[in-house]
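Please open the model in a viewer and keep a selection tool at hand. The tour proceeds by residue, with a view of the whole chain between stops.

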Amino acid sequence: MGNATITGDIKFTGKAPANPPIDMSEEPKCKAEYASTPHEQVVVVNPNRTLADVFVYVKAGLPAGASYPSPTTPVVIDQKGCMYHPRVFGIMVGQPLAIENSDSLLHNIKAMGKQNRPFNISQPAAGMTTNRAFTTPEVMLPFECNVHGWMHAYAGVLPHPFFSTTGADGKFTIKNLPTGTYTLEAWHDAFGAMTATVTVQEGETKAVGFTYRAK
């Protein structure tokens, strides 16, 4: 581990596509949580014209043979309001994933790994938690719900801790990097992936930005 930092934001230009509306008429308990018609949160453009739910990670450049211990603190994915929270997240290989159900109805979370073994878990009641972990890097690993077809989430599974997901400010920060030249990849569900090359020195903070454009 080092003490260099890469930070930046994910800008968006153009007109954002409309997110698909969700018909929750058959799930009144979930529908009651929304003041108006809910939508799948595929493209979330923040007020400052940045994108949320972009996964940014170091794709190449880490020292050969370096290994990083997996945290014992779990990453939590919750099913609330018939949506996944968070929708996009990172997790290390071997780190626990706590799958929670905050809805008082049936959810069936399906992890559709290609590098990792898929699983399909039924959680019929609120308050249930199931723990899983992944054994192999995979970017990105999708989740869906067999009961509610609009529910989707994505995990970036990595053998190192150098990743970040943008939120309401569109920013990302990757800390504790050793001196080096790195390839960063940014991934978005609707707009795909793009890369940038960044060199950082000991103790340096380097800013880099990505811009996605409406198709």
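Begin by selecting Asn101, which counts as buried because its relative accessibility is 1%, under the 20% limit for that class. The model on display is a predicted one. Asn101 is found in strand E6, which covers residues 97-101. Show the side chain of Asn101 together with the backbone of Ala125: a polar atom of that side chain lies 3.2 Å from the backbone oxygen of Ala125. Then expand the selection to the residues that Asn101 touches beyond four places in sequence, namely Asp78, Gln79, His107, Gln123, Ala125, Ala126, Gly127 and Met128.

**The whole chain**

Zoom out and colour by secondary structure. One helix and 17 strands make up the secondary structure of the chain. The radius of gyration is 18 Å, close to the 17 Å that the globule rule gives for 215 residues, so the chain is as compact as a globular protein of that length. Along the principal axes, the C-alpha atoms fill a box of roughly 55 × 40 × 25 Å.

Next, colour by accessibility. Of the 215 residues, 46% count as buried. The chain exposes about 10300 Å², and carbon and sulfur atoms supply 52% of that area. With the charged side chains selected, 17 positive and 17 negative ones appear, and the centres of the two sets lie 5 Å apart. If contacts are drawn between residues at least 6 apart in sequence, 63% of them join residues at least 24 apart.

**Asp9 in strand E1**

Select Asp9, which is placed in strand E1 (residues 4-13). Is Asp9 buried or exposed? Its relative accessibility is 16%, so Asp9 counts as buried. Display the side chain of Lys11 as well: a polar contact of 3.0 Å joins it to the side chain of Asp9. Leaving aside neighbours within four places in sequence, Asp9 is in contact with Gly170, Lys171 and Phe172, and also with Val208, Gly209 and Phe210.

**Glu40 in a loop**

Move to Glu40, in the loop between H1 and E2. Glu40 is buried, with a relative accessible area of 16%. Add Asn19 to the selection: Glu40 and Asn19 are 21 residues apart in sequence and 5.7 Å apart in space, C-alpha to C-alpha. Beyond four places in sequence, Glu40 touches Asn19, Pro20, Ile22, Arg87, Trp150 and His152.

**Two exposed loop residues**

Select Thr72, in the loop between strand E2 (55-60) and strand E3 (75-80). Thr72 has a relative accessible area of 71% and is therefore exposed. How far apart in space are Thr72 and Val43? Their C-alpha atoms are 32 Å apart, with the two positions 29 residues apart in sequence numbering.

Continue to Ala168, in the loop between strand E12 (163-165) and strand E13 (171-177). Ala168 is exposed, at a relative accessible area of 66%. Select Pro47 along with Ala168: the two are 121 residues apart in sequence and 8.4 Å apart in space, C-alpha to C-alpha.

**Backbone geometry**

For the next stops, display the backbone atoms. Most peptide bonds are trans, and most residues other than glycine have a negative phi. Which peptide bond is cis, with omega near -5°? The bond from His85 to Pro86 has this geometry. Pro86 lies in the loop between strand E4 (83-85) and strand E5 (88-92). A cis peptide bond also joins Val139 and Met140, with omega about 0°. Met140 is found in strand E10 (residues 138-145).

Now select Arg49, whose phi is near 65°, a positive value in a residue other than glycine. Arg49 is placed in the loop between helix H1 (28-31) and E2. With a relative accessible area of 37%, Arg49 is partly exposed.

Finish at Cys82, which has a positive phi of about 55° although it is not a glycine. Cys82 lies in the loop between E3 and E4. Cys82 is buried, with a relative accessible area of 0%.

Note on methods. Residues numbered from 1 in each chain as written. Predicted model: local features only at pLDDT ≥ 70, side-chain atom pairs only at ≥ 80, totals over all residues. Heavy atoms only, no water. Helix = DSSP H or I, 4+ residues; strand = E, 2+ residues; numbered from the N terminus. Rg over C-alpha atoms; globule rule 2.2 N^0.38 Å. Buried < 20%, exposed > 50% of the residue type's maximum accessible area, 1.4 Å probe, protein only. Contact = heavy atoms within 4.5 Å. Areas by Shrake-Rupley, 256 points an atom, 1.4 Å probe, with all protein chains shown as cover. Lys, Arg positive; Asp, Glu negative; His and termini not counted. Charge placed at Lys NZ, Arg CZ, Asp CG, Glu CD. Polar contact = N/O pair within 3.5 Å; in protein donor to acceptor, adjacent residues only side chain to side chain.
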